[in-house]
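Trainee: Please pick one part of this model and look at it closely. After that, set it against the rest of the chain, in one connected account.

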Amino acid sequence: MLLALLTALVLPGCSVVKLAYNNAESLSYWALDSHMDFNEVQSVTVRAELASLLAWHRANELPQYASVLDKLQRMGAGQVTPEAVCELASDVKTRFQTLLARTEGPVAAMAPSFTPAQLAHMAARFEKRNQKWHAEWLDGDASERSARRTKQLVSAAEWLYGSLNQPQRQALASSSAVTDYQAQAAYREALRRQQDTLQTLRDIQSSSAGRANAPALIHGLYARSMNSPDAAYQHYLAHITQATCKAYAQLHNSTTQAQRQHAMDALKGWQTDVRALAAAGP
């Protein structure tokens, strides 16, 4: 439930997102409420916790993002290695984990108040999302899935570099980041996380012992969300992460002077936005 929201909070630099960040408390509340259908008492609690979280995030995390963007600018001026790209991805993951950890206590405190009807509502939302994802990624043949994965990688690259040329697009399409991508593995892991979330909340709700043990149960859920207990998925994720780092490193090393300047200008603009957001205060 929280992962999409948290990802959006981790990457707030773009000017397009600046307005959204300044309205993140309301936007976050409605995103969460769409999954849980909060009652009146829960709504008050969630809004207060979001206000506290976002104040902390602005003061503590935005300066960290400015540092990451500075590192990106220094990296982007020259050639890069797959290892450097993966190191940067690890930096972003660390920021995500820091934010996630901050939400653990409030979620554990609220979890005992969730009703069976709210968990059924959450399950229905999961199912709706699963149907859409299945239609987009698993229906159709292998060539259609490869085309969609290529489009995903190209779109992410063009967000930074501007338009890619045809050889660059083709290099991404033929990379192992595309050819080795397994949509079914990603889908199975998403289902596992959803069922884990629902079962953990049911365990908390079902007994006084579960309610008393909510902090430990939520802690375990968060740990499994960040590091899957499925060894096969762990192996696949490590492989596809390395493949993607290699593909993007090769792409960066093929960029033109104009594309690199586009990237430098974009990164500098995002860094300016992040610093302005941090300085603005709550």
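**A glutamine and its surroundings**

Mentor: Q271 has a relative accessibility of 6% and therefore counts as buried, the cut-off being under 20%. The model is predicted, and what follows is computed from its coordinates. Q271 sits in helix α14, which covers residues 257–280. With sequence neighbours within four places set aside, the contacts of Q271 are A66, L69, D70 and Q73. Helix α4 runs over residues 40–76, and the four partners have numbers inside that range.

The contact between distant parts of the sequence fits a wider count. Taking contacts between residues at least 6 apart in sequence, 81% join residues at least 24 apart. The elements that supply them are helical throughout: the protein chain has 14 helices and 0 strands, and the order from the N terminus is α at every position.

A covalent link is also present. The structure holds 1 disulfide, between C86 and C245, with an S to S distance of 2.1 Å. C86 belongs to helix α5 (residues 82–110) and C245 to helix α13 (residues 231–254), so the bond ties together parts 159 residues apart in sequence. The torsion about the S-S bond is about 115°, which means that the disulfide is right-handed. Both ends are covered: C86 has a relative accessible area of 14% and is buried, and C245, at 4%, is buried as well.

The loops give another view. D37 lies in the loop between α3 (24–36) and α4 (40–76), the latter being the helix whose range holds the partners of Q271. Most residues other than glycine have a negative phi. D37 is not a glycine, yet its phi is positive, about 55°. Its relative accessible area is 46%, so D37 is partly exposed: the class ends at 50%, above which a residue is exposed.

T115 is in the loop between α5 and α6 (116–137), and α5 is the helix that carries C86. T115 is partly exposed, with a relative accessible area of 30%. Its C-alpha atom is 9.8 Å from that of F38, although T115 and F38 are 77 residues apart along the chain.

Q182 occupies the loop between α9 (176–179) and α10 (183–206). At 42% relative accessibility, Q182 is partly exposed, whereas the glutamine at 271 is buried. Q182 and S146 are 36 residues apart in sequence, and their C-alpha atoms are separated by 9.7 Å.

Now the whole chain. Of the 282 residues, 40% are buried, and Q271, C86 and C245 are among the residues classed that way. The radius of gyration is 20 Å; a compact globule with 282 residues would have one near 19 Å, so the two agree. Along the principal axes, the C-alpha atoms fill a box of roughly 60 × 50 × 25 Å. The accessible surface comes to about 14,600 Å², and carbon and sulfur atoms account for 57% of that area. As for charge, the chain carries 27 positive and 24 negative charges, and the mean positions of the two sets are 3 Å apart.

To return to the starting point: Q271 is buried in the model, lies in helix α14, and is in contact with A66, L69, D70 and Q73.

Key: Residues numbered from 1 in each chain as written. Predicted model: local features only at pLDDT ≥ 70, side-chain atom pairs only at ≥ 80, totals over all residues. Heavy atoms only, no water. Helix = DSSP H or I, 4+ residues; strand = E, 2+ residues; numbered from the N terminus. Rg over C-alpha atoms; globule rule 2.2 N^0.38 Å. Buried < 20%, exposed > 50% of the residue type's maximum accessible area, 1.4 Å probe, protein only. Contact = heavy atoms within 4.5 Å. Areas by Shrake-Rupley, 256 points an atom, 1.4 Å probe, with all protein chains shown as cover. Lys, Arg positive; Asp, Glu negative; His and termini not counted. Charge placed at Lys NZ, Arg CZ, Asp CG, Glu CD. Disulfide = S-S within 2.5 Å.
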